[in-house]
Amino acid sequence: MAENGRDGYNRRRNKFKDRQQQNKDKNTQKPQQKGAEKPRFDKQRGTLIDRPQWVPPKLGQNQLPRSECPYCGKPVNDLSSALTDPASGNPVHFDCVLRKLSDREPLQEGESITYIGGGRFGIVQFPNPQDINHFVIKRIIQWEDKEKRAPWRRTVADNFSLT
C-alpha cells in the first residue's frame, strides 16, 4: 500500500519541503569567496579541470583614416556607410555615389536607383509605386569589386571587431 502513495506520504510536498530546508542550510553557511571556486569536473576525461578566466579582447586603438570625398571635396566622417571609389580606392560618400549614378544612368518612369548590397546598385522598377514590396531589378551596376577589399576598410574593421 505504501508504493501507491495512499499512505499519507505526499512525495511532491515533502520534496518541496526538503528543498526549502536545503536552501535554508545553504544560506546559514559562511559565504564563499569568489576566488575560491570549485574546479569543474570534465565528464569525458573523468578529471577535474580549472576553467580559464575570460579576459576581454583589446580592440585596436589606431586612428581612423581621414580623407576627403573625391566627388564633393568634403571629409568622409562616417566610414561605415562609405563606399570605395573604383578609380582611386579612397572612401566616397554614399550620397555622392548615388548622385553620380543618377546623373550617369537615364531612368524611365517608375524606376529608381537602389543599393542592393555587396557594393552593387540596381535600377529597380516598381510596377505599383505605392507597393514597395513588389519590384523588378532591370539592371545591376557593380560599384565595388568583391574580390578587392580597400585597405582603409581593414583599419576600420580592426578598430571595431577582432573577428
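In this predicted model, a residue counts as buried when its relative accessible area is under 20%, as exposed when that value is over 50%, and as partly exposed in between. By that scale Arg-104 is partly exposed, because its relative accessibility is 46%. Glu-105, by contrast, falls into the buried class, because its relative accessibility is 10%.

These two residues lead into the charged pairs of the model, where a search of the whole structure finds three salt bridges. In one of them the side chains of Glu-105 and Arg-104 meet at 3.7 Å, taken from N to O. Glu-105 also meets the side chain of Arg-139 in a salt bridge, here with an N to O distance of 2.8 Å. This second pair links distant parts of the chain, since Glu-105 lies in the loop between helix 2 and strand 5, whereas Arg-139 belongs to strand 7, 34 residues apart. Arg-139 is partly exposed, because its relative accessibility is 40%.

The remaining salt bridge joins Arg-153 to Glu-144, with the closest N and O atoms 2.7 Å apart. Through shared partners, salt bridges join Arg-104, Glu-105 and Arg-139 into one network. Of the residues in the Arg-153 pair, Arg-153 is partly exposed, because its relative accessible area is 23%, while Glu-144 is buried, because its value is 14%.

Glu-144 deserves a closer look. Its place is in the loop between strand 7 (136–142) and helix 3 (151–160), and a polar atom of its side chain lies 2.6 Å from the backbone nitrogen of Thr-84. Beyond residues up to four places away in sequence, Glu-144 touches Leu-83, Thr-84, Gly-118, Gly-119 and Arg-153, so this buried side chain has both a backbone partner in Thr-84 and a side-chain partner in Arg-153.

The next residue to consider is Trp-143, which, leaving aside its neighbours within four places in sequence, is in contact with Tyr-71, Leu-83, Thr-84, Pro-86, Val-97, Lys-100, Leu-101, Gly-119, Arg-120 and Phe-121. Trp-143 is also part of the largest nonpolar core, a set of 17 residues in which Leu-79, Val-97, Leu-101, Phe-121, Trp-143 and Trp-152 touch the most other members. The elements that give two or more residues to this core are helix 2 (94–104), strand 6 (120–125) and helix 3, and helix 2 gives the most, with three residues. In soluble globular proteins, nonpolar side chains tend to be buried together.

How, then, are the buried residues of helix 2 arranged around its axis? Cys-96, Val-97 and Leu-101 are buried in this helix, and they lie on the same side of helix 2, because they cover an arc of only 130° around the axis. What covers the buried residues of helix 2 includes strand 3 (83–84), strand 4 (91–92), strand 5 (111–117), strand 6 and strand 7. Two of these buried residues, Val-97 and Leu-101, are among the core members that touch the most others, and both are also in contact with Trp-143.

Definitions and conventions: Residues are numbered from 1 along each chain as its sequence is written. This is a predicted model: local features need pLDDT of at least 70, side-chain atom pairs count only at pLDDT 80 or more; totals for chains, interfaces and linings use all residues. Side-chain values use heavy atoms; hydrogens and water are left out. Helices (H or I, at least four residues) and strands (E, at least two) are DSSP runs, numbered from the N terminus. Buried means under 20% relative accessible area, exposed over 50%, partly exposed in between (1.4 Å probe, protein chains only). A polar contact is a pair of N or O atoms within 3.5 Å; within protein, one must be able to donate a hydrogen and the other to accept it, and residues adjacent in sequence count only if both atoms are side-chain atoms. Contact means heavy atoms within 4.5 Å. A nonpolar core is a set of buried Ala, Val, Leu, Ile, Met, Phe, Trp, Tyr and Cys residues joined through side-chain atoms within 4.5 Å. The arc is that of the directions from the helix axis to the C-beta atoms. A salt bridge is a side-chain nitrogen of Lys or Arg within 4 Å of a carboxyl oxygen of Asp or Glu.
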